[in-house]
Amino acid sequence: MHHIQTALLRLLEHQDLGVLSLRQIAKLLGVDDKPQIIKHHLFQLEKAGLIQINFEKNVIKTTKRGFCPESANNLLYSIPIVGAANCGPANLFANERIEGYLKVSGKLLPRNKQYLYVLIASGSSMNLAEVRGGLTIESGDFVVIDSSYKKPKNGDIVVAVIDRMATIKRYREDKNYNRVILEAESTENYLPIFLHLEDDFIISGKVIDVIKKPK
């Protein structure tokens, strides 16, 4: 993200920019003679789904997470993409940095959209796991996760963060041996991951849908 866009988002955390002129905003950012640059970056933030702009009504404000109205009759939702997760060994770095927004029709999403985020699948270890309507998780697909699910049930497909690495697997709890098993479901041979129930790992949410990458 451009440094001016980052500065604009920080300003919006504590200041109403809608009541200011572009030149006044530029002055706040130390680029007094470049109001059109400010306008450009505001539009770039709007395009990314991060803010809403209505100059006629003096509105410049951050967009609520997961919501991006495109028109009165056709609501799109902007779901944050927070990186990639491996469908194999847990060897991809996990973080909460938003890398972009996936715009999806509300009709393709569950009713509760507030806690959704997207990961891009990497690898083939879940290419036989059916999520919804027979859809499986293949490398490059957009995997939709509900982050409000912190206590998964046996059989749920989850995002597990182990040593700050994210992986998508089928969750199994084996209380007989005081362990959690993260299983692959693949056309290839992937060994399961075994964790102690008291190990330091995080369940970052439950996989609820897959948006297939374009062919």
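Helices and strands in this tour are DSSP runs, numbered from the N terminus. The model is a predicted one, and the stops below follow single residues and pairs that can be selected in the viewer.

**Stop 1: the loop between β1 and β2**

Please select Asn58, which is found in the loop between β1 and β2. The phi angle of Asn58 is near 55°, a positive value in a residue other than glycine. Asn58 is partly exposed, with a relative accessible area of 47%.

**Stop 2: an aromatic pair**

Next, add Phe55 and Phe43 to the selection. How many aromatic pairs are there? The count comes to one aromatic pair. The ring centres of Phe43 and Phe55 are 5.9 Å apart and the planes stand at 85°, so the pair is edge-to-face. Phe43 belongs to helix α3 (residues 35–47), whereas Phe55 lies in the loop between β1 (51–54) and β2 (59–62), so the pair ties together parts that are 12 residues apart in sequence. Phe43 is partly exposed at 34% relative accessibility, and Phe55 is partly exposed at 37%.

**Stop 3: helix α3**

Remain with helix α3 and select Ile37, which is found there. Ile37 counts as partly exposed, at 35% relative accessibility. Then select Ile4: Ile37 and Ile4 are 33 residues apart in sequence, and their C-alpha atoms are 8.9 Å apart in space.

**Stop 4: confidence along the chain**

Colour the chain by pLDDT. The mean for the chain is 83, and 87% of its residues reach 70 or more. Confidence is lowest in strand β5 (residues 92–93), at a mean of 44, and highest in β11, at 96. Select residues 69–74 as well, where the pLDDT is below 50; beyond near neighbours in sequence, this stretch has five contacts in the model. Where pLDDT is low, the predicted coordinates should not be read in detail.

**Stop 5: Ser124**

Proceed to Ser124, in the loop between β7 (116–122) and β8. Is Ser124 buried or exposed? At 16% relative accessibility, Ser124 counts as buried, because the term applies under 20%. Add Glu188 to the selection: the side chains of Ser124 and Glu188 make a polar contact at 3.0 Å.

**Stop 6: Asp156, Lys206 and Tyr149**

The tour now turns to salt bridges, of which a search of the whole structure finds eight. Select Asp156 and Lys206, which form one with their closest N and O atoms 3.7 Å apart. Asp156 lies in the loop between β8 (142–146) and β9 (157–162), and Lys206 in strand β13 (residues 201–211), so the pair ties together parts that are 50 residues apart in sequence. Asp156 is buried, with a relative accessible area of 12%, while Lys206 is partly exposed, at 23%. Which residue has Lys206 over the face of its ring? Select Tyr149: Lys206 lies over the face of this residue, at 4.9 Å from the ring centre.

**Stop 7: strands β10 and β11**

Select Glu183 and Arg172, a salt bridge whose closest N and O atoms are 3.2 Å apart. This pair links distant parts of the chain, with Glu183 in strand β11 (residues 179–183) and Arg172 in strand β10 (residues 165–174), 11 residues apart. Glu183 is partly exposed at 27% relative accessibility, and Arg172 is partly exposed at 32%.

Asn178 lies in the loop between β10 and β11. Select this residue to inspect its backbone: Asn178 has a positive phi of about 55° although it is not a glycine. Asn178 counts as partly exposed, at 31% relative accessibility.

**Stop 8: Asp174, Arg179 and a network**

Finally, select Asp174 and Arg179. Their side chains meet in a salt bridge with an N to O distance of 3.0 Å. Asp174 is buried, with a relative accessible area of 16%, whereas Arg179 counts as partly exposed, at 26% relative accessibility. For a last selection, take Glu138, Asp141 and Lys212, which are joined into one network by salt bridges that share partners.

Notes. Residues numbered from 1 in each chain as written. Predicted model: local features only at pLDDT ≥ 70, side-chain atom pairs only at ≥ 80, totals over all residues. Heavy atoms only, no water. Salt bridge = Lys/Arg side-chain N within 4 Å of Asp/Glu carboxyl O. Helix = DSSP H or I, 4+ residues; strand = E, 2+ residues; numbered from the N terminus. Buried < 20%, exposed > 50% of the residue type's maximum accessible area, 1.4 Å probe, protein only. pLDDT = per-residue confidence, 0-100. Contact = heavy atoms within 4.5 Å. Polar contact = N/O pair within 3.5 Å; in protein donor to acceptor, adjacent residues only side chain to side chain. Phe/Tyr/Trp six-rings, centres within 6.5 Å; stacked < 30°, edge-to-face > 60°. Lys NZ or Arg CZ within 6 Å of the ring centre and 35° of its normal.
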